[in-house]
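Reader: Please take one part of this model and go through it closely. I would like the nonpolar core, and then how the two chains sit against each other.

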2 protein chains.
Amino acid sequence: MTDADDASRTTRRQFFAVAAGAAALTSVGSAARAAMPVAADSTSFFGLHQAGIATPQQTNVYFAAFDLTAKTREDLIELFRIWTTAAERLSRGEPAVEGLQRDDAEPLDSGEAGGRSTHRLTLTFGIGPGVFVKEGVDRYGLASRRPEAFIDLPRFNGDQLVAERTGGDLCIQACADDPQTAFHAVRQLARLADTKAKLRWAQNGFLPRTKPNETPRNLMGFKDGTMNVPVDNPAAMRQYVWVGEEGGWMQHGSYLVIRPTRIALEHWDRMKLSFQEQVVGRSKQSGAPLGATHEFDPLPLERTNADGELVIPESSHVRLAAPESNEGAQILRRGYSYDNGLSFVAERWPPWRQGMEFDAGLLFACFQRDPRTGFVKIFDKMSKFDMMNQFVTAIGGGLFAMLPGITRGGVLGQTLWD
Amino acid sequence: MTDADDASRTTRRQFFAVAAGAAALTSVGSAARAAMPVAADSTSFFGLHQAGIATPQQTNVYFAAFDLTAKTREDLIELFRIWTTAAERLSRGEPAVEGLQRDDAEPLDSGEAGGRSTHRLTLTFGIGPGVFVKEGVDRYGLASRRPEAFIDLPRFNGDQLVAERTGGDLCIQACADDPQTAFHAVRQLARLADTKAKLRWAQNGFLPRTKPNETPRNLMGFKDGTMNVPVDNPAAMRQYVWVGEEGGWMQHGSYLVIRPTRIALEHWDRMKLSFQEQVVGRSKQSGAPLGATHEFDPLPLERTNADGELVIPESSHVRLAAPESNEGAQILRRGYSYDNGLSFVAERWPPWRQGMEFDAGLLFACFQRDPRTGFVKIFDKMSKFDMMNQFVTAIGGGLFAMLPGITRGGVLGQTLWD
């Protein structure tokens with residue numbers, strides 16, 4: 001080794017030492033810091049609820065589902081302990097693992113998010129049904145803890161779920177205003193899971209970059225998200241999104257239904273504009289409900305045209321999804337568009353054809369207090385009658401219990417086994 | 001229909017009419033406009049060279065390869081004419097097709113980029129070997145026009161090219177600072193190709209969001225792009241990137257080698273830091289060459305340590321890629337990271353294993369004046385000796401002749417058949 005090599009090495013060691021020192025300072029000052037305004041760029045990891053649900057939606061997601069390979073409840077808790085520590089650090093832009101980096105050891109962090117902004121990174125953790133019972137085995141002695149609301153998601157009309165993109169014992173939703181930051185976080189957490197869990201499926205997603213307060217358009221070209229539970233309204237969030245006292249250990253958590261949903265874009269793009277608008281129930285350009293003028297106008301659900309026909313058709317997407325059509329049921333949608341390039345598809349729409357088509361669509365995601373009165377209630381009817389179904393196909397996903405928030409010093413999922 | 005419906009429809013028609021009017025005005029003023037400063041957000045479509053090569057790299061790419069189904073040379077020229085018109089419009093943020101949108105017709109544009117910034121969109125078109133001869137047939141009477149430099153890319157050591165992600169008669173590189181804008185553009189162009197060309201493979205990619213002048217890190221966690229042909233240096237671009245007089249009709253074009261290259265991230269993440277740095281030949285944290293101090297320091301290729309060993313190892317990536325090791329050869333790298341979730345992989349690295357792994361890596365892309373003295377010259381040796389090869393595998397791609405720039409009133413590829 002030359003002097004220059006040693007110098008370079010010292011510099012690096014100092015860098016990691018400084019990072020660790022900064023983390024230590026932050027820990028010391030954490031009680032005081034909690035009351036201080038959070039930097040615009042950072043999102044608190046600790047709280048009554050997990051971040052990434054009420055957080056204003058970031059532009060990118062990396063969603064990952066895992067199969068548990070942990071053998072005992074202690075292993076499972078150890079995994080959650082490791083993930084809690086690492087996720088809190090990642091949320092502050094620190095390397096995933098604390099410590100001094102040694103040259104002759106594997107990196108504490110893969111480094112591709114190193115030294116950059118956190119880009120509002122949030123990490124949201126959930127559990128699938130396999131935590132309770134899997135293939136008839138109660139692996140972790142938790143079978144009796146499965147909440148009543150944590151149903152098996154029914155098979156919906158039209159579902160074409162692929163096993164390799166469906167289910168999972170655990171999930172992580174990583175969201176950030178940068179794709180590499182979101183992927184980076186899951187990659188560290190997957191590595192740290194080591195022998196306790198392994199990746200099952202993953203899907204990234206994006207929103208278009210829009211101006212503030214502009215509703216983003218989905219890949220069908222329509223504004224998507226005009227009607228939604230307002231995340232800045234605590235009463236509405238309590239009513240529709242956060243699990244209440246009825247949920248026992250799941251109180252302050254939320255249920256996530258996530259469904260990668262392919263859109264037959266080539267088919268859709270060849271539909272007449274007026275038909276596309278009938279399918280959605282809104283104007284494509286303005287986003288206004290049919291029969292109304294502005295994007296945020298209420299849906300004129302009763303309005304008819306001169307021929308006595310409903311202006312917003314009976315089987316249009318907005319009508320079937322509207323709270324008015326579902327006894328007031330509402331869900332917090334927080335989905336992203338996805339784009340996996342092309343794949344070979346045999347299409348059911350005429351003319352019958354097969355070939356390479358866009359493997360793209362919507363990574364549908366919604367949060368709710370109870371899936372029985374949320375997604376399942378709303379979607380059961382939609383899966384049968386929504387005109388949009390001829391263009392969209394759910395190809396995977398599942399239902400996850402997104403855990404309650406983590407208190408400082410606490411561990412993810414603590415209420416589950418305490 | 002009610003009055004409100006008519007009002008809404010009129011509004012929409014007016015919107016499209018205004019858009020068309022603006023386009024007309026632009027055309028009228030085009031001669032004068034060429035000399036005026038271009039808006040910060042827009043990149044000129046016309047010029048001696050195509051945009052998207054010397055353009056400072058955007059954060060997102062959607063790369064698509066097509067198979068030609070056009071039967072005659074006239075069909076091929078017609079496709080290029082349609083693409084020229086649409087691409088010029090898209091580059092200005094206009095709908096892909098000019099005209100008044102009719103409700104009872106399919107949309108002129110799918111609309112998901114509607115009303116937004118162009119996000120510095122560039123569209124760069126190229127042709128594959130199939131334009132000249134395909135399966136022994138000279139479909140368009142262009143066989144004699146194949147440039148000498150447009151070789152068949154050799155099979156390199158370690159290549160595991162998958163047919164579904166390899167080759168193509170045509171390609172489009174769409175780059176923008178927004179993923180939806182890039183995808184949107186290719187989607188319009190694919191639709192407009194109609195019976196003349198069909199999509200063969202596609203891959204999107206991204207760069208992390210960095211501060212100005214910060215070199216982005218790739219998924220290996222290293223700064224990537226420190227040494228590159230300077231796009232703002234016309235002499236260097238002429239020497240290494242733009243085809244000169246020797247290229248005949250390809251003059252002012254450039255050759256693109258694009259290779260989706262999977263990285264075994266799980267494997268890489270478990271390597272010691274010092275070994276990762278030996279593989280790359282640079283410090284992971286600072287990006288400085290081993291044996292040097294700062295990122296942009298020259299490579300101390302001759303420097304040895306106390307044991308007489310080269311500080312930058314013989315088989316390190318930077319040494320093998322350096323101009324000094326390749327008789328001065330240089331290429332303009334303009335790649336992106338990609339992330340396709342997970343896929344089933346049988347790994348060759350010990351311990352032998354198979355399972356779901358990250359389907360992610362580098363969408364390697366480089367532009368050059370002549371592939372024989374560019375990528376092929378540099379990579380032939382690298383494919384055999386680069387220590388990095390145990391972590392990276394090319395899985396597709398190809399060589400494309402990226403056409404010369406388009407003059408106002410001209411058509412893409414005009415020099416090819418004129």
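**The core and the chain contact**

Author: The largest nonpolar core holds 210 residues, and those touching the most other members are A:Ala64, A:Ala174, A:Ile263, B:Ala64, B:Ala174 and B:Ile263. This is a predicted model. As a general point, nonpolar side chains in soluble globular proteins tend to be buried together.

Take B:Ile263 as the example. Leaving aside residues up to four places away in sequence, B:Ile263 touches B:Leu219, B:Met220 and B:Trp268. Its list also takes in B:Ala360, B:Gly361, B:Leu362, B:Phe391 and B:Val392.

For chain A, buried residues account for 49% of the 418 residues. Chain A has 10 helices and 10 strands. Of the contacts in chain A between residues at least 6 apart in sequence, 76% join residues at least 24 apart.

One helix pair in chain B can be described in detail. Helix α3 (residues 73–91) of chain B packs on helix α4 (residues 179–193) of chain B at an angle of about 155°, and their axes are 10 Å apart. Because angles over 145 degrees count as roughly antiparallel, α3(B) is roughly antiparallel to α4(B). The crossing of α3(B) past α4(B) is right-handed. On the α3(B) side, the residues that meet the other helix are B:Leu79, B:Ile82, B:Trp83, B:Ala86, B:Ala87 and B:Leu90. Facing them in α4(B) are B:Ala185, B:Gln188, B:Leu189, B:Leu192 and B:Ala193.

Helix α4 leads on to the contact between the chains. In that contact, 66 residues of chain B are in contact with 66 residues of chain A. On the side of chain B that touches chain A, at least two residues each come from α1 (3–28), α4, β4 (197–206), α7 (273–280), β7 (336–347) and β8 (353–368) of chain B. The most is given by β4(B), with 8 residues. Of the interface residues of chain B, 98% are also interface residues in chain A, so the copies meet through the same surface.

The symmetry comes last. A turn of 180° and a shift of 0.0 Å along the axis lay chain B on chain A with an RMSD of 0.0 Å. The two copies are therefore related as by a two-fold rotation axis. Among the residues of chain B, B:Asn340 comes closest to the rotation axis, with its C-alpha at 3.1 Å.

How values were computed. Residues are numbered from 1 along each chain as its sequence is written. Chains are lettered from A and ligands numbered from 1 in the order in which they are written. This is a predicted model: local features need pLDDT of at least 70, side-chain atom pairs count only at pLDDT 80 or more; totals for chains, interfaces and linings use all residues. Helices (H or I, at least four residues) and strands (E, at least two) are DSSP runs, numbered from the N terminus. A residue is buried if 20 or more other C-beta atoms lie within 10 Å of its own, exposed if 12 or fewer, and partly exposed in between; C-beta atoms are placed from the backbone. Two residues are in contact if their C-beta atoms, placed from the backbone, lie within 7 Å. Copies are superposed by least squares on the C-alpha atoms of residues with pLDDT of at least 70 in both. A nonpolar core is a set of buried Ala, Val, Leu, Ile, Met, Phe, Trp, Tyr and Cys residues joined through C-beta atoms within 7 Å. Axes are lines fitted to C-alpha atoms, for helices over the stretch in contact, and angles run from 0 to 180 degrees between N-to-C directions. Angles under 35 degrees count as roughly parallel, over 145 as roughly antiparallel, 65 to 115 as roughly perpendicular and the rest as oblique. A crossing is left-handed if the near helix is turned anticlockwise from the far one by less than a right angle, and right-handed if clockwise.
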